[in-house]
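Please look over the structure shown below. The questions that follow take up its helices, its sheet and the relation of its copies.

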There are 2 protein chains.
Amino acid sequence: MNSTSSPLTSDHQAILINGKAHAATLRHRIREDVLAFHDRHGVTPGLAVILVGNDPASEVYVRNKAIQTHHAGMRSFMHMLPETTSETELLDLIERLNNDAAIHGILVQLPLPAGIDARRVTNAIQPEKDVDGLGEVNAGRLAMNLPGIVPCTPLGCLLLLRDQLGDMKGQHAVVIGCSNLVGKPLAMLLLAEGCTVSIAHIHTRDTAALARQADILVVATGCRELVRGDWIKPGATIIDVGITRAQTPDGKTRLVGDVAFDEAVQVAGRITPVPGGVGPMTIACLLENTLTAARMQVGETPS
Amino acid sequence: MNSTSSPLTSDHQAILINGKAHAATLRHRIREDVLAFHDRHGVTPGLAVILVGNDPASEVYVRNKAIQTHHAGMRSFMHMLPETTSETELLDLIERLNNDAAIHGILVQLPLPAGIDARRVTNAIQPEKDVDGLGEVNAGRLAMNLPGIVPCTPLGCLLLLRDQLGDMKGQHAVVIGCSNLVGKPLAMLLLAEGCTVSIAHIHTRDTAALARQADILVVATGCRELVRGDWIKPGATIIDVGITRAQTPDGKTRLVGDVAFDEAVQVAGRITPVPGGVGPMTIACLLENTLTAARMQVGETPS
């Protein structure tokens with residue numbers, strides 16, 4: 001496939017999937033749901049965010065999470081611990097939060113300082129409070145298509161796709177990248193939607209040929225502009241999870257995704273921009289997960 | 001693709017993957033490993049099998065499992081409970097076995113009588129003793145490619161493929177069928193081997209076209225003879241997990257798989273017959289899992 005054989009006109013422009021606007025709508029809906037939840041149960045969902053050490057990027061992330069939680073009408077608790085915190089101290093705190101009825105979600109900001117086993121810490125969070133969905137139990141529930149908590153970024157991608165496409169049954173979804181954080185959980189979600197799912201990665205022999213079969217193409221590799229225009233089936237929906245900072249010829253920098261946007265936009269039917277696509281959905285989905293966690297803890301069936 | 005365009009000669013015959021012989025070799029190796037394990041730790045692996053009710057097929061299955069466990073030099077414990085057993089009684093038994101140091105593996109034969117929540121029962125088994133690998137924690141570990149216990153049938157398929165093909169990195173594996181018992185766990189195992197993995201199912205639009213791309217084709221649908229000769233790429237390796245009983249024209253019955261064997265054998269490079277392919281590997285993998293469970297419980301790193 002190339003531009004001359006494409007059935008699309010040369011001035012074709014894909015519909016941009018506005019993640020920023022969608023996230024704003026989602027946050028608004030969550031705020032209303034939080035109020036309704038309080039009316040039903042007399043309970044306000046509470047999220048505890050734990051930061052260990054002084055990584056500057058992590059400090060920004062946890063602050064944003066705390067503020068958005070607060071804005072959504074939930075209770076937000078920050079635990080900012082020194083770099084010297086031991087694994088035992090951290091596990092003790094998690095145990096205390098597991099047993100605290102005012103806390104419905106617990107999030108430990110990664111990465112953790114050397115000497116702390118991130119997997120042991122993540123798995124210590126009670127599955128019903130594991131709002132990042134990164135523990136083994138939630139990964140298992142997702143793999144078996146059982147109710148649980150889904151990691152925020154894949155959930156954000158799914159919500160954008162559902163909003164754009166509605167029923168995805170029978171569509172061929174190709175996921176490039178198979179991380180535990182994005183690629184694999186999203187593949188499980190798309191299977192549950194009834195998609196045929198193909199998963200490509202570093203060892204895949206002809207990723208372009210596989211990508212060209214995709215009705216839905218999700219790219220989460222961290223390789224900037226890996227996916228070119230001629231990897232895309234005309235009309236396909238593209239979700240670009242990647243975000244890296246690149247130098248421009250004039251010495252400045254800009255954020256770019258895993259898809260060569262200027263090429264892709266001429267072929268795809270719909271595409272997420274970078275920035276402003278998947279990114280804004282991630283924190284909104286953390287709020288959604290906190291509400292889901294609170295619902296599970298009062299015995300409501302998760303939606 | 002049809003027989004005239006095939007690069008294979010008309011008298012081509014695929015290599016038959018002899019699951020029965022492979023399972024016998026595996027059982028022999030496990031028996032030696034059990035003795036070596038006893039020499040190292042003074043411990044004999046023990047498997048508890050629980051049967052509730054009087055389903056005749058289940059009675060045959062658990063008897064075979066118990067006998068093979070015994071033949072492998074392990075301790076075999078049978079708990080045969082009446083149909084009237086309550087969920088609470090069953091959970092109490094599992095709790096007792098969880099705390100019994102002589103028991104390294106616990107298996108609850110499914111299906112369970114109505115009124116008992118199979119998922120709650122399966123998840124009550126301590127993950128390190130969950131030798132069927134069907135609990136949420138083991139499903140999560142598999143999805144995240146962490147050490148754990150893998151369900152027996154997908155493990156059996158993987159061992160046959162490793163034996164036949166060695167390194168599978170970069171091969172395109174197509175899995176038809178996405179059950180929690182076979183299709184999805186096997187997809188995760190093949191991803192961990194470095195395969196590109198596509199998963200097809202009832203909603204897939206052109207399963208034949210996807211199957212024709214497969215270097216490795218796994219079929220686990222329960223639809224007998226679904227996969228025809230012209231669905232198969234010449235030289236591909238075919239794993240047929242299906243097994244159903246079909247009438248023959250002379251009024252007798254025979255066991256058939258999900259692949260039209262007589263057609264496939266002329267195109268494929270290697271193929272599992274039905275019976276005698278995947279089937280015999282399943283109980284052998286239960287023994288392997290019991291040994292793995294015992295290793296995990298004494299603190300050995302699982303292989």
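**A helix, a sheet and two copies**

In this predicted model, B:Glu136, B:Val137, B:Asn138, B:Ala139, B:Gly140, B:Arg141, B:Leu142 and B:Ala143 of α5(B) are buried, where buried means under 20% relative accessible area with a 1.4 Å probe and protein chains only. Residues are numbered from 1 along each chain as its sequence is written, and chains are lettered from A in the order in which they are written. Local features need pLDDT of at least 70, side-chain atom pairs count only at pLDDT 80 or more, totals for chains, interfaces and linings use all residues, and side-chain values use heavy atoms, with hydrogens and water left out.

Q: Is helix α5 of chain B largely enclosed by the rest of the structure or left open, and how many of its residues are buried?
A: Helices here are DSSP runs of H or I with at least four residues, and strands are runs of E with at least two. Because the buried residues account for the whole of residues 136-143 of chain B, the helix is largely enclosed by the rest of the structure, the count being eight of the eight.

Q: Which strands stand at the edges of the open sheet of twelve strands?
A: Two strands pair if DSSP finds at least two bridges between them, and the sheet has mixed pairing. Each edge strand has a single partner strand, so one side of each is left without a neighbour in the sheet; these are β1 (15-16) of chain A and β1 (15-16) of chain B.

Q: What rotation superposes chain A on chain B?
A: Superposition is by least squares on the C-alpha atoms of residues with pLDDT of at least 70 in both copies. The shift along the axis is 0.0 Å and the RMSD 0.0 Å, with a rotation of 180°. The two copies are thus related as by a two-fold rotation axis.

Terms used:
Buried < 20%, exposed > 50% of the residue type's maximum accessible area, 1.4 Å probe, protein only.
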